Structures are given as C-alpha cells and as structure tokens.
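Visitor: Could you take me on a close look at one helix in this model, end to end, and tell me what packs around it?

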Amino acid sequence: MKVFAAFLIAFCLIAPAFAQQQPDPVAVVAHVLDLSSDQITAWSVILHARQTAIEPLAQQAQMQQQAIAQALGGSNPDPLAVGQAIVALHGLQVQIAAANSQSAGDFEKILSADQQQRLNGLRAAAQVCPIVPAFGATGLL
C-alpha cells in the first residue's frame, strides 16, 4: 500500500509538470509503460483507427451543439427541437465513448502483464489526483 501511495503522490505531482510542457502524449505513455517498438507500431494503428472512427462523430457532435445553441437562442425555443437535438448529441457521445473504449481495449491486448498492472495503477491514481491538492493545502502531505 505504501508503494502505491508513493506512486500516486509522485504521479499527481509530476502530471501537472507534463501538462504545462505539453509533451507528446504517445511518447509519454510509451515511456511510462516501457512499450517496445512493436507495441508502439501496433498502438499507432489502434490510434489511427480510433481517430478515423471519432473524427466524423466529433464533427457531427459539434454541429448538434450548434443546433442546440441556435434552438435555445431564439425568443421562444421549441422544446421538441431542443430535445431532439440533445438526444441526437447524446447518441453521438455514446458512439464516441464506445470508440474510445474499443481503442483502450485493443491497446490493453498488446500489453504485457507488468505493463497492464502499471496502466491500472495509473488509472487508479487518476481517480484520486484531484483530491491530492486538498491534502497538501491542509499540510497533510
């Protein structure tokens, strides 16, 4: 548990530095998970497929958001038109989430057990990172 806590604290302290410098996310993931060149190549294919799937959905979602804003911008918005646009936007968001989930699943298939464990640790750490500054601000870290 102490090792995980130390990892979590280090991750939460280092992550903001990465966010400020805007490093290549693929390079960061490859380095942290110690991906081989074959894994990086396979992941590039997965990322390309994800982008191909998500790009048109994201464009449609943006159009739906504009439609919602336009429908709400009038003096007397039509509730049916607004509702239909919101439902359509939600459907697109569900499709985008499914594409992201598929990509993540495909990525996990190329990882070793150790890499998968590190990824799961990072996922767990990401869940609690927003609370870490509160502990620092109160002098508990």
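Guide: Sure, let's take α3, and start with its length. At 1.5 Å a residue, the 37 residues of α3 should span 54 Å, and the end C-alpha atoms are 51 Å apart, which agrees. Keep in mind that this is a predicted model.

Now run your eye along α3 until you reach I54. There's a kink of about 30° at that residue, shortly before the proline P56.

Just ahead of the helix, look at the loop between α2 (25–33) and α3 (37–73), where D34 sits. Its phi is near 55°, a positive value in a residue other than glycine. For context, most residues other than glycine have a negative phi. D34 counts as exposed because its relative accessibility is 55%, and the cut-off for that word is over 50%.

Back on α3, which residues are buried? They are Q39, W43, I46, I54, L57, A61 and I68, so I54, the site of the kink, is in that list too. Some of the spacing there is worth a thought: an α-helix has 3.6 residues a turn, so residues three or four places apart point the same way. As for what covers these buried residues, the cover includes α2, α4 and α5 (113–128).

W43 is a good one to zoom in on. The model has one aromatic pair. The rings of W43 and F107 have their centres 4.8 Å apart and their planes at 40°, so this pair is tilted. W43 belongs to helix α3 and F107 to helix α4, so the pair ties together parts that are 64 residues apart in sequence. Both W43 and F107 are buried.

For another view of α3 and α4 together, try L92, which lies in helix α4 (residues 79–109). L92 counts as buried because its relative accessibility is 7%. Leaving aside neighbours within four places in sequence, L92 is in contact with L57, Q60, A61 and Q64. Two of those names, L57 and A61, should ring a bell from the buried list of α3. Q60 and L92 are 32 residues apart in sequence, yet their C-alpha atoms are 7.5 Å apart in space.

Last stop is α5, named above as part of the cover over α3. Q116 is in helix α5, and Q116 counts as buried because its relative accessible area is 17%, with the cut-off at under 20%. Apart from neighbours within four places in sequence, Q116 is in contact with E108, L111 and R123.

Note on methods
Residues are numbered from 1 along each chain as its sequence is written. This is a predicted model: local features need pLDDT of at least 70, side-chain atom pairs count only at pLDDT 80 or more; totals for chains, interfaces and linings use all residues. Side-chain values use heavy atoms; hydrogens and water are left out. Helices (H or I, at least four residues) and strands (E, at least two) are DSSP runs, numbered from the N terminus. Buried means under 20% relative accessible area, exposed over 50%, partly exposed in between (1.4 Å probe, protein chains only). Contact means heavy atoms within 4.5 Å. The expected span of a helix is 1.5 Å times one less than its number of residues. The bend at a residue is the angle between axes fitted to the seven residues ending there and the seven starting there. Rings of Phe, Tyr and Trp (its six-membered ring) pair if their centres lie within 6.5 Å; planes under 30 degrees apart count as stacked, over 60 as edge-to-face and the rest as tilted.
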